[in-house]
Amino acid sequence: MKNYILSIDQGTTSSRAVIFDKDAHVRAIAQQEFKQIYPKAGWVEHSAQDILGSVMAVVAEAVVRAEITAEDIAAIGITNQRETTLVWDARTGKTVCNAIVWQCRRTADYCEKLKKDYGDFIYEKTGLIPDAYFSATKLKWILDNVEGARDRAERGELLFGTVDTFLMWHLTKGAVFATDCTNAARTMLYNIHTLKWDEELLKLFNIPASMLPTVQPSGSFFGYTDKSVLGSPVKICSAVGDQQAALFGHLCVKEGDLKNTYGTGCFLLMNTGEKPVKSSNGLVTTLGASLSERPPYVLEGSVFVGGAVVQWLRDGLKIIEKADDSETLAESVGDNGGVYVVPAFTGLGAPHWDGGARGTITGITRGTSKAHVVRASLESIAYQVADLVDAMKRDAGVEISRLAVDGGASKNNFLLQFQSDILNCETVRPQTVETTALGAAFLAGLASGLWNDTDEIRETVRTGRVFRPDMSEERRRALLGGWAKALRQTQTR
Ligand code: ADP
């Protein structure tokens, strides 16, 4: 009986394989970290061999741990770090250089110029604000800087892909050269309205069309793995960028549904249904995951420093030993004592966009203790998310009654209660926090027929805890006013 889904979650610092059963229970997990390569200040790379090797290793380990074989697996789902760019030889699969990671800033200067000259042109087609983050300028950099790459690409000898494409190509021994619309939408080469690679953008970045993979729905049949991977061929039935996978993992499939991932940074995504919503607040418009040829549109905003503020308390200020201690310390004081932390360590992102801003702590008095600073730091995560939610509400013109959450810092109960209070809406944390892997598994399970529809899946979803707002309007206003004032003191413009 094929009753299991193997989900491959290829992330920025580690690769994981998770095996889910038909009740969406985790049967086994395997994880392997790999090396981050920093060749110069601001540059970040991964070895393609490390990515592939770690994926093969965790897949084998998870299958052994789950005590199953390829015969038991209904389908494989793949979710991945987005935007990271690989170029490889179409015959051998060998990459021409390391993968350029989404965090890499090597094309930042070029993107500044691009933004001035083509900002609106690019936004209209892709929903993205030109930035070094997205794949297009990384791919152009490889063609312009790796010896012989452009000639080989023009002769049709090289292929481009994000991590999902690279993995599928290798898992199928070169038989499948494809991606899904959520990954394509983050390359800055894909037109999210026509749902095609955009010829004018390919011309602008001087990219040969022959390098580009076929784009499929996130949940669809991509191909069979080579039998060397698991002993016998298994269907690959989903590919999806990590944030969109989490959105689907929460079953945010209706217009207005939204989720926030509290990791190092925070990623807030809202399903806006059939409407691509144009943002007046610096959010990007992108595509969501589905099984259909017409995927839903999504509004996305990110906070640069989310859970990372807790790392700073631990490793920078050294006022806590473990991240978990932040919860008890914050709760040891009744309020923030008037203290606000604005963790603008690398500037402020959406909706404030102020690259020159740097962090501040305001409202310190003789009575301020480390507990107040810790509490104010956790509160800062919630305020930043609230600012994004507010921007989304204004852009999409919808009310929000429920926020689904996941990510490392979402296990902090103080943070989630405060988030509910400040947003005046329910915050819902699922029992399975493997939401990203789960999203890829749901898509693969639906596309392979393990589940019939999302209603059937919904029956398997177990809510961990619901946080309900419990704060007076007056207090909420006063706190938001305090945050707004601290923000003004931080901003440079
Ligand atoms: P990423 O996927 O970005 O690596 P994770 O989802 O693994 O991130 O979350 C890691 C982040 O969560 C770290 O920044 C860490 O400081 C934060 N974190 C972990 N545990 C807690 C906690 N109990 N309270 C607050 N933050 C936490």
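**Group meeting: a walk through a predicted structure**

At 12% relative accessibility, K125 counts as buried, because buried here means under 20% relative accessible area. I begin with this residue, and I should say at once that the model before you is a predicted one.

Where does K125 sit? Its place is in helix α2, which covers residues 108-126. Setting aside residues up to four places away in sequence, K125 touches Y190, N191, I192, H193, D198, E200 and L201. I invite you to find these residues in the structure as I continue.

Let me now turn to the chain as a whole. The protein chain contains 16 helices and 23 strands. Its radius of gyration is 22 Å, close to the 23 Å that the globule rule gives for 493 residues, so the chain is as compact as a globular protein of that length. Along its principal axes, the C-alpha trace spans about 70 × 55 × 40 Å. How much of the chain is buried? Buried residues account for 61% of the 493 residues. Consider also the contacts between residues at least 6 apart in sequence: 72% of them join residues at least 24 apart.

One helix deserves a separate word on burial. Helix α9 runs over residues 242-249, and 8 of its 8 residues are buried, so this helix is largely enclosed by the rest of the structure. By name, the buried residues are D242, Q243, Q244, A245, A246, L247, F248 and G249. Just after α9, L251 takes a positive phi of about 55 degrees.

I come next to two pairs of helices. In the first pair, helix α10, residues 308-316, packs with helix α12, residues 370-396, at an angle of about 160 degrees, and their axes are 9 Å apart. Are they parallel or antiparallel? Angles over 145 degrees count as roughly antiparallel, and α10 and α12 are therefore roughly antiparallel to each other. Their crossing is right-handed. On the α10 side, V309, V310, W312 and L313 take part, and they meet V373, V374, S377, L378, S380 and I381 in α12. The residues of this contact divide into 8 nonpolar, 2 polar and no charged.

A general remark may help when you look at such helices. An α-helix has 3.6 residues a turn, so residues three or four places apart point the same way.

The second pair is helix α13, residues 413-423, and helix α16, residues 473-490. Their axes come within 9 Å and cross at roughly 100 degrees. With 65 to 115 degrees counting as roughly perpendicular, α13 and α16 are therefore roughly perpendicular to each other. In this contact F418, D421 and I422 of α13 meet R476, L479 and L480 of α16. Here the residues divide into 4 nonpolar, no polar and 2 charged.

Finally, I would like to consider a residue in a loop. V305 lies in the loop between β18, residues 297-303, and α10. Is V305 buried or exposed? At 7% relative accessibility, V305 counts as buried. Leaving aside its neighbours within four places in sequence, V305 is in contact with T264, P343, F345 and Q384. The C-alpha atoms of V305 and L423 are separated by 19 Å, and these two residues are 118 residues apart along the chain.

To close, I return to the two residues with which this talk began and ended: K125, in helix α2, and V305, in the loop between β18 and α10. K125 counts as buried at 12% relative accessibility, and V305 counts as buried at 7%.

How values were computed:
Residues are numbered from 1 along each chain as its sequence is written. This is a predicted model: local features need pLDDT of at least 70, side-chain atom pairs count only at pLDDT 80 or more; totals for chains, interfaces and linings use all residues. Side-chain values use heavy atoms; hydrogens and water are left out. Axes are lines fitted to C-alpha atoms, for helices over the stretch in contact, and angles run from 0 to 180 degrees between N-to-C directions. Helices (H or I, at least four residues) and strands (E, at least two) are DSSP runs, numbered from the N terminus. Angles under 35 degrees count as roughly parallel, over 145 as roughly antiparallel, 65 to 115 as roughly perpendicular and the rest as oblique. A crossing is left-handed if the near helix is turned anticlockwise from the far one by less than a right angle, and right-handed if clockwise. Contact means heavy atoms within 4.5 Å. Ala, Val, Leu, Ile, Met, Phe, Trp, Tyr, Cys and Pro count as nonpolar, Asp, Glu, Lys and Arg as charged, and the others, Gly among them, as polar. Buried means under 20% relative accessible area, exposed over 50%, partly exposed in between (1.4 Å probe, protein chains only). The radius of gyration is taken over C-alpha atoms; the globule rule is 2.2 Å times the number of residues to the power 0.38.
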